[in-house]
Amino acid sequence: MTGTPAPFTADDYTARMRRAARAAGDAGLDGVLIAPGPDLVWLTGYRPPETERLTLLVLRPGEDPALVVPALEAPDAAKAAPMLALRDWTDGTDPYQAAADLLGRAGRSGGTGRFGVSDSTWAMHLLGLQNRLPDTAYVSLTEALPMLRAVKDAAELQRLEAAGAAADAAYEEIRKVRFAGRRETEVAADLADLLRRFGHSQVDFTIVASGPNGANPHHEAGDRVIERGDMVVLDFGGLKHGYGSDTSRTVHVGEPDAEEHRVHDIVRAAQEEGFRAVRPGAACQDVDRAARAVITEAGYGEYFIHRTGHGIGVTTHEPPYMVEGEERPLVPGMCFSVEPGIYLPGRFGVRIEDIVTVTEDGGRRLNTTAREMAIVE
């Protein structure tokens, strides 16, 4: 996709809110409560400041959506999300009472009820609601409605494709820079600059893990000077057009030895088998099992120490998760990473990651750079 995609419309957001309210009812909830954060942006397009002042979207089956909002922010909310009915409150009044009035009407017997709450809700706000409505109960959206954002529509897929293509372009460029003799932080800064050059508005992470640091899957780039003979794990991503990228490749500074080649080939084969397991109706855990079986059979099972994948959308990590025990079926439109790895303590690590979307008859990669080991200088 080239250029800037058309923005989502009020109708798009209204449809999402209706879907969320309907899903809440189907799950036995009286509604869902959404604080500032990725869920609110996805549902309404509104991105208010996250402060101590209460902002809360209330969605209930069969009811119009309402937003509890500080009065000083009401004009911005009305402009950003004109489809919402606003319930504003002023400093010096009780914001929780304004929200409680909406929740009380939603409860099945008045003042009671069970509500899903976005994971980004501040504890002080949830406790304030509980104080006003002590007979209500709350459950996190990740637990109650984990698949709410999981299936992407065509416009969302276009954005994810664009983000993936930008990350791929960044990888192709980073392979051209010098690694040997430079600090991890310097290469990480190069990666961040490249992501922004190729259209990312937000850089979430740029892992550059060289030599023994590669055995730590979430290593923070540090002051270690990269040396010839190092394996280097690169894992980077962020947001473009509001949707995430996340890709990993493992490169080598100079020629690798036989074991480094072997471990990389095992991980590459595992990543391929994980990808081949992607198809509608398969369980999420099937992807993990397929990738893990390759590594285990090769004798490195104890060194694959994380799940095989995670969902991606308006955040770079979200449900569904490709992990043992997750039996939810894959559905066309789901997007997630497939990223097996082997981590040898004190020596090196290897990880290869693509974002994959489920199609009607299998899966499609949103990252297309070569997965063979790249030699860098």
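Helix 9 and helix 10 are roughly antiparallel to each other in this predicted model. Their axes cross at roughly 155°, and an angle over 145 degrees counts as roughly antiparallel. The axes come within 8 Å. Helix 9 spans residues 258–276, and helix 10 spans residues 284–297. The crossing of helix 9 past helix 10 is right-handed.

Five residues are listed on the helix 9 side of this contact: Ile266, Ala269, Ala270, Glu273 and Gly274. They meet Val287, Ala290, Ala291, Val294 and Ile295 of helix 10. By class, the residues of the contact divide into eight nonpolar, one polar and one charged. Glu273 is the charged residue, and Gly274 counts as polar.

Salt bridges were examined next. The model holds 27 of them. One joins Arg132 to Asp94, with 2.5 Å between the closest N and O atoms. Arg132 belongs to helix 5 (residues 123–132), whereas Asp94 sits in the loop between strand 4 (85–89) and helix 4 (95–106), so the pair ties together parts that are 38 residues apart in sequence. Both partners are partly exposed: Arg132 has a relative accessibility of 31%, and Asp94 has 28%.

A second salt bridge links Asp235 and Arg351, at 3.0 Å from N to O. Here the connection is between two strands. Asp235 lies in strand 8 (residues 231–240) and Arg351 in strand 15 (residues 348–351), so parts 116 residues apart in sequence are tied together. Asp235 and Arg351 are both buried.

A third pair is formed by Arg371 and Asp354, whose closest N and O atoms are 3.2 Å apart. Asp354 is in strand 16 (residues 354–358), and Arg371 is in the loop between strand 17 (363–365) and strand 18 (374–376), so this bridge ties together parts that are 17 residues apart in sequence. The two ends differ in exposure. Asp354 is buried, with a relative accessible area of 0%. Arg371 is partly exposed because its relative accessible area is 21%, and the cut-off for buried is under 20%.

Arg371 and Asp354 also belong to a network of salt bridges. The other members of the network are Arg249, Glu272, Arg276 and Arg365. Helix 9 covers residues 258–276, and the network therefore includes two helix 9 residues, Glu272 and Arg276. Neither Glu272 nor Arg276 is among the residues listed for the contact with helix 10.

Key
Residues numbered from 1 in each chain as written. Predicted model: local features only at pLDDT ≥ 70, side-chain atom pairs only at ≥ 80, totals over all residues. Heavy atoms only, no water. Salt bridge = Lys/Arg side-chain N within 4 Å of Asp/Glu carboxyl O. Helix = DSSP H or I, 4+ residues; strand = E, 2+ residues; numbered from the N terminus. Buried < 20%, exposed > 50% of the residue type's maximum accessible area, 1.4 Å probe, protein only. Axes fitted to C-alpha atoms, helices over the stretch in contact; angles between N-to-C directions. Parallel < 35°, antiparallel > 145°, perpendicular 65-115°, else oblique. Left-handed = near helix turned anticlockwise from the far one by under 90°. Contact = heavy atoms within 4.5 Å.
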